[in-house]
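These are some notes for a colleague who has the model open alongside this page. They are arranged as numbered points and can be read in any order.

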Amino acid sequence: MQSLMNHSKLAVTILILAQTSNAMLGGRMLRERDPQGPSRGVVMVEMMRGDYPAAVCTGTVIARNVVLTAAHCFDENLVPGITSFSIVLDSFQDGGSFQRAFPGTRVESHPGYIPYNKRKPEVLQNDIALAFFDGKLPVDIQPVPIDQDTSASYKNRAVEVYGYGRSVDYTGKKNENGSFSSGVLRYATLQISSHDYRQYPKHYMTEANPKVPTYLCQGDSGGPQFIVNRNGDFKQIGVNSGGGIPKADGSGIMTCKSAGSVTKVAPAARWILETMKGY
């Protein structure tokens, strides 16, 4: 999808965050942003079908009016009938969050992205998109740096992960509302799989810490994974792409309690920088 209709007006709402420590299937709720750290650029991407929300994803501001997210969030085969989208920003105050929604103007999906109905089994390829929006960034939302080192290996490294996704697993109930526990920013630490990082050129897998099990779930798609060094330097190396498998009981019900699939940023960095020139 290369273009979407604009939202009519800038929406300004106030969301009081739920008082819970359980989040992102094991992560923690974000109560304030670090102006020098990764959290400064994380935003929510809300897709609309007419006047009604159709889906929620996560993204990161990487330049003025440019958000890096997952291409499958705008895939008509997964979320049909999207007519517009907005970029939702949180400013945290006193345990609550002032949310402002800025109108999206267009989406550019990676040219190598394969639509969901044509994908190979297992993982989506080149699952990266740039979402452009109108509006002046507030001072507490700032762009984050992206990884451009295609030769690096992050095997076994811990990554800082953010997402607006579900805080509870699928229940299997008929007509289950997948967004009922979404929309609150959460973070966690995952570990990159022990498999050779270079084994797969476009993606890697994450593993949950057995002591604090954490899993990506619906709505975390498009969210960032950061390498954070001891000196505080950081960069986004991955975009949350997929998580969830059928339960082993043969019920056909999905569960998010599985390894996460993540799209590497570095192989797409040249395309990202070229596509967002001028922003």
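1. Which residues does Asp90 touch, not counting residues up to four places away in sequence? In this predicted model, the residues touched by Asp90 are Arg33, Ser97, Phe98, Gln99, Asp140, Ile141, Tyr164 and Leu185. Asp90 itself belongs to strand S6, which covers residues 84–93, and with a relative accessible area of 2% it is buried, because the cut-off for that class is under 20%.

2. Two further values describe the surroundings of Asp90. Its side chain makes a polar contact of 2.3 Å with the side chain of Tyr164, a residue that also appears among those touched by Asp90. Ile141, another of the residues that Asp90 touches, is 51 residues away from Asp90 in sequence, while the C-alpha atoms of the two are 8.4 Å apart in space.

3. Asp140, which is likewise touched by Asp90, takes part in one of the salt bridges: its side chain meets that of Arg100, with an N to O distance of 3.9 Å. This pair links distant parts of the chain, since Asp140 sits in the loop between strand S8 (129–133) and strand S9 (158–163), whereas Arg100 is in strand S7 (residues 96–109), 40 residues apart. Asp140 counts as partly exposed at 25% relative accessibility, and Arg100 also counts as partly exposed, at 22%.

4. How many salt bridges does the structure hold? There are four, and one of them is formed by Asp147 and Lys235, whose closest N and O atoms are 3.1 Å apart. Asp147 lies in the loop between S8 and S9 and Lys235 in strand S13 (residues 234–246), so this salt bridge ties together parts of the chain that are 88 residues apart in sequence. On the side of Asp147 the relative accessibility is 1%, and this residue counts as buried; Lys235, at 26%, counts as partly exposed.

5. Another salt bridge is the one between Glu274 and Lys277, where the closest N and O atoms are 3.4 Å apart. Here Glu274 counts as partly exposed, with a relative accessibility of 46%, while Lys277 reaches 57% and counts as exposed, because the cut-off for that class is over 50%.

6. Thr275 is placed in helix H1, which runs over residues 269–275. Is Thr275 buried or exposed? Its relative accessibility is 18%, and Thr275 therefore counts as buried, the cut-off being under 20%. A polar atom of the Thr275 side chain lies 2.7 Å from the backbone oxygen of Trp271, and, when residues up to four places away in sequence are not counted, Thr275 touches Arg106, Glu108, Leu130 and Phe132.

7. Pro267 is found in the loop between strand S14 (254–264) and H1, where it is partly exposed with a relative accessible area of 34%. Leaving aside neighbours within four places in sequence, Pro267 is in contact with Thr150, Pro201 and Lys202. For Lys202, which is 65 residues from Pro267 along the chain, the separation between the two C-alpha atoms is 6.6 Å.

8. Which residues line the largest cavity? The search of the whole structure finds three cavities of 30 Å³ or more, and the largest has a volume of about 70 Å³. Its lining consists of Ile192, Ser193, His195, Asp196, Tyr197, Tyr200, His203, Tyr204 and Met205. Strand S11 (residues 203–207) gives the most to this lining, with three residues, and by class the lining has five nonpolar, three polar and one charged residues.

9. For the protein chain as a whole, one helix and 14 strands are assigned. Of its 279 residues, 51% count as buried. Among the contacts in the chain with a separation of 6 or more, 71% are accounted for by residues 24 or more positions apart, and the pair of Pro267 and Lys202, in contact and 65 residues apart along the chain, can be looked up in the model as one example of a contact across the sequence.

Technical notes
Residues are numbered from 1 along each chain as its sequence is written. This is a predicted model: local features need pLDDT of at least 70, side-chain atom pairs count only at pLDDT 80 or more; totals for chains, interfaces and linings use all residues. Side-chain values use heavy atoms; hydrogens and water are left out. Helices (H or I, at least four residues) and strands (E, at least two) are DSSP runs, numbered from the N terminus. Buried means under 20% relative accessible area, exposed over 50%, partly exposed in between (1.4 Å probe, protein chains only). Contact means heavy atoms within 4.5 Å. A polar contact is a pair of N or O atoms within 3.5 Å; within protein, one must be able to donate a hydrogen and the other to accept it, and residues adjacent in sequence count only if both atoms are side-chain atoms. On a 1 Å grid over the protein atoms alone, a cavity is a set of points where a 1.4 Å probe fits but cannot get out, and a pocket is an open set with protein on both sides within 12 Å along at least five of seven lines; lining residues have an atom within 4 Å of a point. Grid points are joined across faces, edges and corners, and a volume is the space filled by probe spheres set on the points. Ala, Val, Leu, Ile, Met, Phe, Trp, Tyr, Cys and Pro count as nonpolar, Asp, Glu, Lys and Arg as charged, and the others, Gly among them, as polar.
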